[in-house]
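Q: I'd like to learn how to read a helix and some ring contacts from coordinates. Can we walk through an example together?

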Amino acid sequence: MPEINWKLNNIRKHVGIIDGHDAPNLVLRNAKYLHSILKTWVSGNIWISDDRIVYVGNQMPANLNGTEVIDLSGKIVVPGYIEPHVHPFQLYNPHSFAEFSAQSGTTAFISDNMTFVSLFENKKAFSLMDELAKLPFSFYWWSRFDSQTELENEGELYSNASVMEWLERHDVVLGGELTGWPRVMHGDNQMLYWIQNAKHKGKKIEGHLPGASEKTLAKMRLFGVDGDHESMTIEDIEARLLHGYAVTLRYSSIRPDLPQLLKAVVDKGYEIFDHLMMTTDGSTPSFHEDGVIDKCIRAALEAGVRPVDAYNMASYNVARYYNMTNLHGLIATGRYASLNVLTDEYSPTPEAVLSKGVWLKRNHQDTKAFPSVDLSVFESLEIDFDLHESDFQFSMPIGIEMVNDVITKPYSIKNHGHNSSLTTEHDESFLMLVDRKGKWRINTMIKGFATHVKGFASSYSNTGDIILIGKSMHDMQHAFKELKKMHGGIVLVEDGQVVTKLPLQLSGAVYDGAVEDLIPLELALKSALKKRGYSHSDAIYTLLFLQSTHLPYIRITTRGIFDVMKNTVMLPAVMR
């Protein structure tokens, strides 16, 4: 359960406001607001002192000395939206994505910690998390139990001591997501111990169970998994609910399943909305041009979900599931003053946003009240090595074929190894994964990425190591040199010229700037790749998941080419 931060003198002041000894900072008068427990719209006055609601009801304060009173007649007020499954490192960073999301009413994140674990020691990560906690925004976190790839040093990054430090934090509210759940099935008691320890501390366990059979769902429920966000059909929802799982539905850039799933629930007449939540599941920046959780609510309303149920799915249901309704998801006495003012109940993008008592948006305008945070903990990516002709040797017999954005399978490579360039008449390209410190490399081929991409380099990857793809070894080497000069990012080169680039100044992993500035850079990159034959929906996810061993069937990892189903290295990395 999240820690309560109000001190004794704060609480005495709040009680004094009720007695008229003190005045609130703000009163929202004549507000028609959603009462999430009664599941109806109620009219009343909302008194706020600093970051807390101190009273909701028909009365007005006896003491209004210095109080701002706003008449909300004709408006609708709902709780701030909660994103229950955030990967806050999809090119954007946690601070920039929070600032952006708040403008459309999402004022709380439950966030992945994997990038923190891979980049920082716990002390540095915790220091940044403590700074983020001071913002007029609510950050909560997961504790990962595995890296979702193959690492030589996984035992160091995910040691028992490290994971237990994460689980001790009050702002860590769940363990997972369990991309490495097969390890538990195969007898890994270390992971099972972490699951049980998290549950003993009152934290939830989030699964990652796409396509799971009924027996797998039953077993994982017995191991301690509480919820899952991988439903792709109405049958998946039914199966998870039958086994007592909490179900989070996705509306993401690679899995936009939410609209059809909710339409199926409505068509079947299921009254199950109290047990559903919604997430954008770490979508890439441009997916959010029209919102974050408000986008999910809009899809729910269009699918025929009743407004009260749609708003509860975006706030109260999440808070109740994570045992934080004392702070979130409810417009009632004692909660955080995180509220969205709407034009009407069918318009989920707010005209005003109050988060922890701070107006972040008023009259449809950003108030510019979101403080900056020192992000210097993300050190600059310094690449102190060069790639030479001898590094560009491609003689492996097995390549990686893309089935879609994120699923890959093995294929037999034709004899391209002695050519320095490939024809654009087919969709095979050279593929390299290079250690960010230059110690090793893996060379193979990738089929299905593009037909006309000549040189492409990215420090954005699952592990932060460098991905090179292209038809031309010369242009691949040029792209690497540009990446080195940029201190990290994504670069597309053609015939010795840079076509487009996206800087990732923070450790070569995330963008140092506003999401609004990042979106056109991402769109330009995706457009350039599409023009050169990238035919899938989201190239950023392809870069992220090339190494991810929680997906079938073959991956390029720090250990080498890895067969996921057999859990073996097919071809090892080569030391440089």
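Q: Which residues on the other side of H1 are exposed?

A: Keep in mind that we're looking at a predicted model. On that side of H1, the exposed residues are Leu8, Arg12 and Asp19.

Q: And which residues of H1 are buried?

A: Those are His14, Gly16 and Ile17. They take up an arc of only 160 degrees around the axis, which places them on the same side of H1. As for what covers the buried residues of H1, that includes strand E2 (40–49) and strand E3 (52–57).

Q: How do I check the length of H1, and what span should its 12 residues have?

A: Use the rise of 1.5 Å a residue: for the 12 residues of H1 (residues 8–19) the span should be 16 Å. The C-alpha atoms at its ends are 17 Å apart, so the two values agree.

Q: What follows H1?

A: Gly20 comes next, and its phi is positive, near 85 degrees.

Q: On to the rings. What describes a pair of aromatic rings?

A: You describe such a pair by the distance of the centres and the angle of the planes. Counting pairs with centres within 6.5 Å, this model has 25 aromatic pairs. Take Phe109 and Phe137: their rings sit 4.8 Å centre to centre with 75 degrees between the planes, an edge-to-face pair.

Q: Where do Phe109 and Phe137 lie?

A: Phe109 is in strand E7 (residues 106–111), while Phe137 is in the loop between helix H4 (122–132) and strand E8 (138–143), so their pair ties together parts that are 28 residues apart in sequence. Both Phe109 and Phe137 are buried.

Q: What does a stacked pair look like here?

A: Try Phe139 and Trp141, at 5.8 Å centre to centre and just 10 degrees between the planes. Buried means under 20% relative accessible area, so Phe139 at 5% is buried, and Trp141 at 0% counts as buried too.

Q: Which residues do ring pairs link into a cluster?

A: The cluster includes the four we just met, Phe109, Phe137, Phe139 and Trp141. Ring pairs also bring in Phe89, Tyr92, Phe97, Phe100, Phe116, Phe120, Phe370 and Phe378.

Q: What about charges over rings: where does the charged end of Lys295 sit?

A: For this kind of contact, look at how far the charge is from the ring centre and from the ring normal. The charged end of Lys295 sits over the ring of Phe287, 3.5 Å from its centre. That charged end also sits over the ring of Tyr251, at 5.6 Å from the centre of that ring.

How values were computed:
Residues numbered from 1 in each chain as written. Predicted model: local features only at pLDDT ≥ 70, side-chain atom pairs only at ≥ 80, totals over all residues. Heavy atoms only, no water. Helix = DSSP H or I, 4+ residues; strand = E, 2+ residues; numbered from the N terminus. Expected span 1.5 Å × (residues − 1). Buried < 20%, exposed > 50% of the residue type's maximum accessible area, 1.4 Å probe, protein only. Arc of directions from axis to C-beta. Contact = heavy atoms within 4.5 Å. Phe/Tyr/Trp six-rings, centres within 6.5 Å; stacked < 30°, edge-to-face > 60°. Lys NZ or Arg CZ within 6 Å of the ring centre and 35° of its normal.
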